[in-house]
There are 2 protein chains.
Amino acid sequence: MKQETVGDLELSLGYVLKQVHASMRTAMDEALRSLDLTVPQYACLELLGQDPGLSNSELARRAFITRQTMNLIVRRLQERGLLTRPDQAPRGRALPTELTRDGRTLLREASVAVRAVERRLFSPLSPERQRRLRQDLAACVAAVAESPDA
Amino acid sequence: MKQETVGDLELSLGYVLKQVHASMRTAMDEALRSLDLTVPQYACLELLGQDPGLSNSELARRAFITRQTMNLIVRRLQERGLLTRPDQAPRGRALPTELTRDGRTLLREASVAVRAVERRLFSPLSPERQRRLRQDLAACVAAVAESPDA
DNA sequence: TGCTTCATGTCAGTAGTCTGACATACGCTT
DNA sequence: AAGCGTATGTCAGACTACTGACATGAAGCA
């Protein structure tokens, strides 16, 4: 199968974006496997590490999955003793979740592994170019957020 | 929940990349819904449109999914009369797949819808900046491809 | 106060994707 | 010619994520 005959798809930004995302996902999966963590599970821990006390729904939004799916992830991590949730909500229905000692420890290891993946993935780009890339991507997100439907 | 207190995650290129991908995926889902097509199904049609005669495994690789999953997608599209596959392989085991007349027609409509999504998504970026973005992303893919394991 | 609206947590069912496995067909080496 | 490695198609099972639905708690308004 010829790889050198680059079709129009290679010129599609959407296709390349999907490709990069797939590469990152695969690399993260491999990096986290030894820690017995999936990417969504890591995302949950990372979000809680950076912002303790987040509710399940808020975690879901920030991880770009549904709150039902995040519920399963949170419960699984809770069973493993990596995070805690109060039995009763202190206000409203939201249950503020926090990392346990073990959770923080595991997160540290996972974070190191993931940072290494990101560093490798974006290694061809200079720091200045990485900054530009981050700006551009953020601008794209804002573009679709402002006009939800076409 | 405060959105203005931007944490370190917003500074993570990986997180922003995931965010853009999620936005694109959602927008594409909405755009393709009226055509009764999922994103993977569209990907299959688009790949065949640009490169007729691809095998199931080759389609899977280019769509970044397993060949088992692509097999289901291909069969479903075949049942809908959008593509054809020979009963017997002309050489080896690979079954060269091609679009039918209906498949080409539907692809044209879907392609228009998807291009519109991409245009909207990347609208904040100048053409020159889009070109730069595509180059940078392609370079990142090459970076992880060269060193599969860290 | 009572009603509406909204957000959250959770349960159940469905659809999509993956891993593991097996048989078949080709190319290469011996 | 025979064996080995590789690639493809396909089947089966498990896991993941989503949609739909319901109950609960809070905030806003008539």
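Biologist: Among contacts in chain A between residues at least 6 apart in sequence, what share joins residues at least 24 apart?

Modeller: The share is 50%, where two residues are in contact if their C-beta atoms, placed from the backbone, lie within 7 Å. This is a predicted model, in which local features need pLDDT of at least 70 and side-chain atom pairs count only at pLDDT 80 or more, while totals for chains, interfaces and linings use all residues. Residues are numbered from 1 along each chain as its sequence is written, and chains are lettered from A and ligands numbered from 1 in the order in which they are written.

Biologist: What makes up the secondary structure of chain A, and in what order do the elements run?

Modeller: Chain A has six helices and two strands, taken as DSSP runs numbered from the N terminus (H or I of at least four residues for helices, E of at least two for strands). From the N terminus on, the order is α-α-α-α-β-β-α-α.

Biologist: Why is A:Asp36 called exposed?

Modeller: A residue is buried if 20 or more other C-beta atoms lie within 10 Å of its own, exposed if 12 or fewer, and partly exposed in between, with the C-beta atoms placed from the backbone. A:Asp36 has 9 C-beta neighbours inside 10 Å and therefore counts as exposed. By the buried criterion, 33% of the 150 residues of chain A qualify.

Biologist: What is notable about the phi of A:Asp36, and where does the residue lie?

Modeller: Most residues other than glycine have a negative phi. In A:Asp36, however, phi is near 60°, a positive value in a residue other than glycine, and the residue lies in the loop between helix H1 (13–33) and helix H2 (39–50) of chain A. B:Asp36 likewise has a positive phi of about 60°.

Biologist: What makes the relation between chain A and chain B a two-fold axis?

Modeller: With copies superposed by least squares on the C-alpha atoms of residues with pLDDT of at least 70 in both, a rotation of 180° with 0.0 Å of shift along its axis brings chain A onto chain B at an RMSD of 0.0 Å. That is the relation of a two-fold axis. The same surface serves both copies, since 100% of the contact residues of chain A recur in chain B.

Biologist: How many residues of each chain are in contact with the other, and which element of chain A gives the largest share?

Modeller: In chain A, 46 residues are in contact with 46 residues of chain B. The largest share of that side of chain A, 14 residues, comes from H1(A). By class, the side has 25 nonpolar, 10 polar and 11 charged residues, where Ala, Val, Leu, Ile, Met, Phe, Trp, Tyr, Cys and Pro count as nonpolar, Asp, Glu, Lys and Arg as charged, and the others, Gly among them, as polar.

Biologist: Which residues have the most contacts inside the largest nonpolar core?

Modeller: A nonpolar core is a set of buried Ala, Val, Leu, Ile, Met, Phe, Trp, Tyr and Cys residues joined through C-beta atoms within 7 Å. The largest such core has 72 residues, and those with the most contacts inside it are A:Cys44, A:Leu45, A:Leu59, B:Cys44, B:Leu45 and B:Leu59. Leaving aside neighbours within four places in sequence, B:Leu59 is in contact with B:Cys44, B:Leu47, B:Leu54, B:Met70 and B:Val74.
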